[in-house]
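Trainee: I would like a close look at a single part of this model, the pairing of strands in one sheet. Please start there and then work outwards to the rest.

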Amino acid sequence: MASAGRRAKGFESAISVCLLAILFLIAVGIFIKQSDSDMSRFGIGPAAAELSLQELEINQLQINEEEKPALSSLVPAGFEALLKTEVYKPETLYEKINGKAPLYIESGFEELSTQRFAKTDDQGLWMELFVYDMGNVKNAFSVYSIQRRAEGKAFSPMRFAYKTSNALYFVHGKYYIELVGSAESDELFRAVAEVARKIRANLAIDYDTEIAELQFFPQENLVSGSIKLYLANAFGFRGLTNTFSARYRIADETVTAFLSKQANSNDAKKMAESYHSFLITNGAVKKKTSQKSIEGKVMDFYGTTEIVFTVGRFVAGVHEAENQQAAEKIAEILTNKLNSVLSNE
Amino acid sequence: MNKQNEGKLDRRQFIQRAGKAGISLAAAGTVAYLLYDSKGPGSGIGAEELVTLPDFSIPYQAGQAMSIVKGSNRRETVTKAIELLGGIERFVKPGETVAIKPNVAFASPPMLGATANPELVSEVVRLCYKRGRAKKVYVTDNPINDPASCFMLSGIGKAASEAGAEVVIPRDSLFKHTTLAGGRLIKNWPIFYEPLKNIDKLIGIAPVKDHHRAGASMSMKNWYGLLGGRRNIFHQDINTIIAELAMMVRPTLVILDGTEVMMTNGPTGGSVSDLRRANTLIASCDMVAADSYGCGLLGLKPKDLPYLAKAEKGRAGTTDYHRLKPIFDTAG
């Protein structure tokens with residue numbers, strides 16, 4: 001009996017020693033982690049504030065030299081690269097674009113590289129190149145389309161590209177690219193176009209970058225360049241994700257249609273019901289319609305018409321249309337198109 | 001010990017074990033008590049080292065708190081707007097030192113309207129010297145991204161220097177920590193303090209811009225440039241930080257430039273097509289009132305910008321700018 005008691009005591013001691021050792025290791029771990037903490041991440045310490053601007057610049061340059069040596073090679077004829085390429089990650093993007101950083105970060109932003117080129121004999125003429133690596137073509141298209149200037153003109157031969165009087169914006173694979181000129185100058189814009197050509201020729205991308213949903217919108221009466229992609233929070237509703245919108249001109253009215261492809265028809269129905277409830281909660285009221293297919297799905301929202309419906313695994317509808325008749329017409333055309341898409345699959 | 005008592009504790013053993021456990025608990029508790037930091041993690045800055053921005057405001061004068069001038073020439077509109085409030089002499093006394101805080105947030109050309117207009121900044125500097133007979137005028141801002149480039153490419157550095165102002169570029173030693181009394185976000189936070197420490201008057205100059213996060217960037221948001229550290233964390237609560245900035249900074253005068261308004265893609269813009277000409281310039285002793293009027297140039301109402309109501313609640317000014325009886329006029 002006594003030996004059994006000693007064995008039990010020895011076993012208990014071993015367990016105790018193990019537990020104490022584990023507690024000791026945890027304490028050591030906490031101590032190491034605490035001594036290496038960055039309080040500024042929580043906004044309660046000065047670590048980043050006390051990092052000098054020079055140090056920040058040095059950090060950026062180190063990244064540049066190791067990972068991004070190439071942008072300066074895009075310099076157009078008669079221009080020179082100013083300083084080195086600057087590189088920004090999600091945690092530093094605000095240093096470059098401040099309040100616009102969330103737009104990119106919420107859309108999958110991975111890295112921004114920027115470079116300025118100035119005319120050799122006139123430093124007042126310069127451009128800044130912004131290359132946003134958005135991770136994939138859908139993310140790149142989303143930030144491109146949401147910011148698209150209504151006055152922008154198509155810039156061929158690129159499909160997702162437009163120019164304004166001083167700038168050029170386009171999607172190149174997973175990259176969203178901005179070339180912003182310091183003046184409205186033909187000479188400067190020729191140089192901008194040259195940089196764009198060099199990017200297309202030299203910046204390797206995965207060409208399997210088709211965005212299927214773009215084909216799901218009926219082409220007739222579609223306003224060119226009007227398709228936008230909201231990865232989340234479309235029309236102010238958090239639950240409306242991966243949503244494409246497009247504008248249509250019909251009988252002197254402009255109508256915005258939208259669609260979102262879901263995994264299956266049940267998910268589509270759930271999303272449509274949620275959005276419908278969201279609108280009702282925020283003041284929308286059901287409206288009568290002559291079309292049976294969208295009965296109960298048409299709402300009046302402070303004088304505008306909202307329509308939300310599903311076609312198979314698609315949630316679709318019309319947003320803030322001023323004319324109900326035009327809205328219903330577009331809803332009908334979109335329904336037919338989506339039915340034909342589904343029947344061809 | 002007989003069979004019945006095997007595996008059971010006798011009273012002596014129980015007391016011994018209970019005593020040991022009690023001593024262990026007391027020791028652990030004592031150590032925890034000694035190591036406990038009731039203040040939580042902080043920056044290591046003691047309360048005695050915290051600074052407070054001086055109050056640069058001037059006494060309220062009924063009917064001369066806000067002016068709105070229409071015109072396309074900024075030099076003329078700003079001169080007129082200040083004149084309507086009693087002239088720069090009301091704001092700047094001979095021999096005083098003035099700091100002008102324009103929005104120099106980005107290294108972008110003046111044409112894009114992402115920063116304060118250099119001509120406007122230069123005219124205000126000129127007024128301070130010529131009519132206000134200021135001893136010294138400083139022009140300063142804290143753009144995080146390469147301040148020298150921002151001052152150079154925005155044209156503000158050159159314009160201010162040519163008008164006789166001294167441009168102050170931020171560096172670490174110019175920041176001190178502050179805490180806003182009653183503030184939720186500005187607690188023990190570094191601000192661009194040194195250039196404002198010994199001045200007499202403070203003037204803010206900001207363009208009217210769309211802002212992706214805040215809805216609009218105007219004279220209140222302009223003070224964001226005084227924050228140091230990783231100020232981007234405040235973007236999560238942008239309305240509160242703008243309101244707190246308005247409570248923290250008591251400027252002498254703000255000038256809100258709506259000559260060309262950035263209607264979309266703010267605050268950076270990038271294309272001339274983001275701008276719309278509104279030919280409006282506002283000068284005001286009440287920045288909440290100035291912004292409440294200015295948001296109309298973006299097609300917004302004061303209620304669309306929650307930070308305005310928050311600032312009003314914090315007694316930084318009024319959203320009901322009509323109460324100030326703004327003076328309307330044209331120039332040029």
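Mentor: In this predicted model, A:K228 has A:S245 as its bridge partner in strand 9 of chain A. That pair belongs to the antiparallel pairing of strand 8 (residues 228-230) of chain A with strand 9 (residues 243-250) of chain A, which are joined by 3 bridges. A:Y230 faces A:T243 across the same two strands, with A:T243 lying in strand 9 of chain A. A:T243 also has a partner in strand 10 of chain A, namely A:S260. Strand 9 of chain A and strand 10 (residues 253-261) of chain A are antiparallel as well, and 8 bridges connect them. These two strands make a hairpin with 2 residues between them, and A:A251 there has a positive phi near 50°.

The strands just described are part of an open sheet of 7 strands in chain A, ordered 8-9-10-14-13-12-11, with antiparallel pairing. The edges are taken by strand 8 and strand 11 (285-286) of chain A; each has a single partner strand, so one side of each has no neighbour in the sheet. As for side chains, those of a regular strand alternate between the two faces of the sheet.

Chain A has another open sheet of 7 strands, in the order 1-2-3-7-6-5-4, and its pairing is antiparallel too. At its edges are strand 1 (79-88) and strand 4 (153-154) of chain A, each of which pairs on one side only. Within this sheet, strand 2 (residues 111-119) of chain A runs antiparallel to strand 3 (residues 122-133) of chain A, and 9 bridges hold the pairing. A:T114 sits opposite A:F130, a residue of strand 3 of chain A.

The domain assignment divides chain A into domain 1 (52-202) and domain 2 (212-344). Taken over C-alpha atoms, the centres of domain 1 and domain 2 of chain A are 34 Å apart. Their contact involves 12 residues from domain 1 of chain A and 7 residues from domain 2 of chain A. On the domain 1 side of chain A, helix 6 (residues 137-147) of chain A contributes the most, with 6 residues. By type, the residues on that side of domain 1 of chain A that touches domain 2 of chain A are 4 nonpolar, 5 polar and 3 charged.

Helix 6 of chain A deserves a further look. Of its 11 residues, 9 are buried, so helix 6 of chain A counts as mostly covered, where buried means 20 or more other C-beta atoms within 10 Å. The buried residues include A:V137, A:N139, A:F141, A:Y144 and A:Q147. Among the elements that cover the buried residues of helix 6 of chain A are helix 5 (101-105), strand 3, strand 6 (167-172), strand 7 (175-181) and strand 8 of chain A. Strand 8 of chain A, part of that cover, is also the strand that holds A:K228, where this account began.

A residue elsewhere in chain A gives a contrast in exposure. A:R200 is in helix 7 (residues 186-202) of chain A. A:R200 has 16 other C-beta atoms within 10 Å and is therefore partly exposed. From A:R200 to A:M158 the C-alpha to C-alpha distance is 9.4 Å, while the two are 42 residues apart in sequence.

Chain B can be described in the same terms. Chain B has 10 helices and 11 strands. Its domain assignment gives domain 1 (8-35) and domain 2 (53-330) of chain B, and 64 Å lie between the centres of these two domains of chain B, over C-alpha atoms. The radius of gyration of chain B is 27 Å, whereas a compact globule of 332 residues would have one near 20 Å. Along the principal axes, the C-alpha atoms of chain B fill a box of roughly 115 × 40 × 40 Å. Buried residues account for 54% of the 332 residues in chain B.

In helix 10 (residues 306-313) of chain B, the buried residues are B:Y307, B:L308 and B:A311. These residues lie on the same side of helix 10 of chain B because they span an arc of only 105° around the axis. Their cover includes helix 8 (238-248) and helix 9 (287-294) of chain B. Just after helix 10 of chain B comes B:R315, with a positive phi of about 60°.

How values were computed:
Residues are numbered from 1 along each chain as its sequence is written. Chains are lettered from A and ligands numbered from 1 in the order in which they are written. This is a predicted model: local features need pLDDT of at least 70, side-chain atom pairs count only at pLDDT 80 or more; totals for chains, interfaces and linings use all residues. Domain bounds come from an automatic or database domain assignment. Two strands pair if DSSP finds at least two bridges between them. Helices (H or I, at least four residues) and strands (E, at least two) are DSSP runs, numbered from the N terminus. The radius of gyration is taken over C-alpha atoms; the globule rule is 2.2 Å times the number of residues to the power 0.38. A residue is buried if 20 or more other C-beta atoms lie within 10 Å of its own, exposed if 12 or fewer, and partly exposed in between; C-beta atoms are placed from the backbone. The arc is that of the directions from the helix axis to the C-beta atoms. Two residues are in contact if their C-beta atoms, placed from the backbone, lie within 7 Å. Ala, Val, Leu, Ile, Met, Phe, Trp, Tyr, Cys and Pro count as nonpolar, Asp, Glu, Lys and Arg as charged, and the others, Gly among them, as polar.
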